[in-house]
Amino acid sequence: MDNKRRPAKGTKSYKPQNTRSGAPAERGSDYQANKPRSSSDQGRKSGGRQHTLKTSNAKTTSKPAPAKTYTVKETAELLSFLLSNISNMSRNSIKSLLARGQVMVDGQAVTAYNYALKPGQTIMLSKDKAADKPALVGLSILHEDDDVIVIQKDAGLLSVASPKENEMTAYRQLTAHVRSQNPNERIFVVHRLDRDTSGVMMFAKSENVQQALQNNWQDTVKERTYVALVEGAVKKSEGTITSWLKESSTLKMYSSHYPNDGQHAVTHYKTIESNRNFSLLEVNLETGRKNQIRVHMEDIGHPVVGDKKYGSKAKILGRLGLHAKVLAFIHPTDGQLMRFESNIPKSFMNPFRKSHP
């Protein structure tokens, strides 16, 4: 039986719900590993386990009722399929089954509402709650298959630990997540988001996939859209910023306008909202350089809100005003276009509300 979890044909677009914020420090390798998952961890895949029925020494034992099974006849998302086929349960009850890992797809527990089903797959409702997995803090899983994990990261959570910092990271949590199913599993870094940047990012589940993605990044990634809250009213409603980025001895990136003097960086932007004090921009990256958006916003005199390193003085957010809204890429194995979209943080809209000065 083919247990590979692959999305349905055609472009799939995912818009997650808002996730919890905050990233408390880790407390050793077993951080929060024994805490049960909450129902808000909807987008997370959970590994299936076989359950052995314990019997007493009595001569007769009662047999458990057989688990209800369903056969998928056409492509559909998992939650929609369950709602269409289970008439004796409420929507919330079905969501609870998913959150507890009691819905099995071809023998594997699946918790993601938007898991893409294919004809011929078998759905089974288990009476047993899946074994608890390590709680994920400051992130949620939008999609997971045999090759990649796509997540939504909260502001404040490191993507990967730096040599000087030993705290909870997205990488460390996802490693614990995959190893809860298979101790030999690993994840591999494909790209990063700054600690105070929220939004969509992905990791690979093998070194071969990591290399395939990184070596063909410009061709593989079809869309990287950010939302940036910047200081001041941007005069041009849209534009393109081009420079060559270099890193100083203090590890700060800066622009050189001399051709080939550094890494070529191209940023496209257009205005979503604006007033005399702030502008909300949609930013598309043609290249993906370290701190590219932050440097280019400073270059045009409109630093990202909360970005003291690159010239910001505004403190209205309590975080960096940068959010990775869309990531679209060609799947490295099956060639399907995958698109993931995250909602703009509500706090980014506050400066444009009528009650705001």
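Helix α1 (78-85), strand β4 (103-105) and strand β7 (122-125) are among the elements that cover the buried residues of helix α2. The model is a predicted one. This briefing starts with that helix and goes on to the nonpolar cores, the aromatic pairs, two serines in a strand, and the empty spaces.

**Helix α2**

- Helix α2 runs over residues 91-99, and its buried residues are Ile-94, Leu-97, Leu-98 and Ala-99.
- An α-helix has 3.6 residues a turn, so residues three or four places apart point the same way.
- Gly-101 comes just after α2 and has a positive phi of about 75 degrees.

**Nonpolar cores**

- In soluble globular proteins, nonpolar side chains tend to be buried together.
- The largest nonpolar core holds 29 residues, and the members that touch the most others are Ile-151, Leu-174, Phe-203 and Tyr-226.
- At least two residues of this core come from each of the strands β8 (139-144), β9 (148-153), β11 (198-204), β12 (221-231), β16 (278-285) and β17 (322-330). The helices α3 (170-179) and α6 (292-299) also give at least two residues each.
- Apart from neighbours within four places in sequence, Tyr-226 is in contact with a number of residues, including Leu-193, Thr-197 and Ile-293. Other contacts of Tyr-226 include Leu-281, Glu-282, Val-283 and Leu-285, as well as Leu-322, His-323, Ala-324 and Lys-325.
- A second core, separate from the largest one, has 19 residues, among them Leu-79, Leu-82, Leu-97 and Tyr-115. Leu-97 is also one of the buried residues of helix α2.

**Aromatic pairs**

- How many aromatic pairs does the structure hold? There are 2 of them.
- The ring centres of Tyr-70 and Phe-81 lie 6.5 Å apart with the planes at 85 degrees, so this pair is edge-to-face.
- Tyr-70 is in strand β2 (residues 68-71) and Phe-81 is in helix α1, so the pair links parts of the chain that are 11 residues apart.
- Tyr-70 is buried because its relative accessible area is 14%, and Phe-81 is buried with a value of 7%.
- The other pair, Phe-329 and Phe-340, is stacked, with 6.1 Å from centre to centre and 20 degrees between the planes.
- This stacked pair joins strand β17, which holds Phe-329, to strand β18 (residues 337-341), which holds Phe-340, and the two residues are 11 residues apart.
- Phe-329 has a relative accessible area of 0% and is therefore buried. Phe-340 is likewise buried, with a relative accessible area of 0%.

**Ser-255 and Ser-256 in strand β14**

- Ser-256 is part of strand β14 (residues 253-256), and Ser-255 lies in strand β14 as well.
- Are these serines buried or exposed? Ser-256 is buried because its relative accessibility is 6%, under the 20% cut-off. Ser-255 is buried too, because its relative accessible area of 17% is under that cut-off.
- The side chain of Ser-256 makes a polar contact of 2.7 Å with the side chain of Asp-261.
- Not counting residues up to four places away in sequence, Ser-256 touches Ser-243, Trp-244, Lys-246 and Asp-261.
- Ser-256 and Thr-242 are 14 residues apart along the chain, and their C-alpha atoms are separated by 9.6 Å.
- The side chain of Ser-255 has a polar contact of 2.8 Å with the side chain of Ser-243 and another of 2.6 Å with the side chain of Asp-299.
- Leaving aside neighbours within four places in sequence, the residues in contact with Ser-255 are Ser-243, Trp-244, Leu-245, Val-295, His-296 and Asp-299.

**Cavities and the largest pocket**

- Rolling a probe the size of a water molecule over the atoms shows where empty space is left.
- The structure contains 4 cavities of 30 Å³ or more, and the second largest cavity has about 40 Å³ of space.
- Which residues line the second largest cavity? They are His-191, Val-200, Arg-224, Thr-225, Tyr-226, Ala-324, Val-326 and Leu-327.
- Strands β12 and β17 are the elements that give two or more residues to this lining.
- The largest pocket has a volume of about 1,300 Å³. Its lining is made up of 35 residues, and the closest to its centre are Arg-192, Leu-193, Asp-194, Lys-290 and Asn-291.
- Strand β12 and helix α6 each supply at least two residues of the pocket lining, and the largest share, 3 residues, comes from α6.

Technical notes:
Residues numbered from 1 in each chain as written. Predicted model: local features only at pLDDT ≥ 70, side-chain atom pairs only at ≥ 80, totals over all residues. Heavy atoms only, no water. Buried < 20%, exposed > 50% of the residue type's maximum accessible area, 1.4 Å probe, protein only. Helix = DSSP H or I, 4+ residues; strand = E, 2+ residues; numbered from the N terminus. Contact = heavy atoms within 4.5 Å. Core = buried A, V, L, I, M, F, W, Y, C linked by side-chain atoms within 4.5 Å. Phe/Tyr/Trp six-rings, centres within 6.5 Å; stacked < 30°, edge-to-face > 60°. Polar contact = N/O pair within 3.5 Å; in protein donor to acceptor, adjacent residues only side chain to side chain. 1 Å grid on protein atoms, 1.4 Å probe; cavity = no way out; pocket = protein on both sides within 12 Å on 5 of 7 lines; lining within 4 Å. Points joined across faces, edges and corners; volume = space filled by probe spheres on them.
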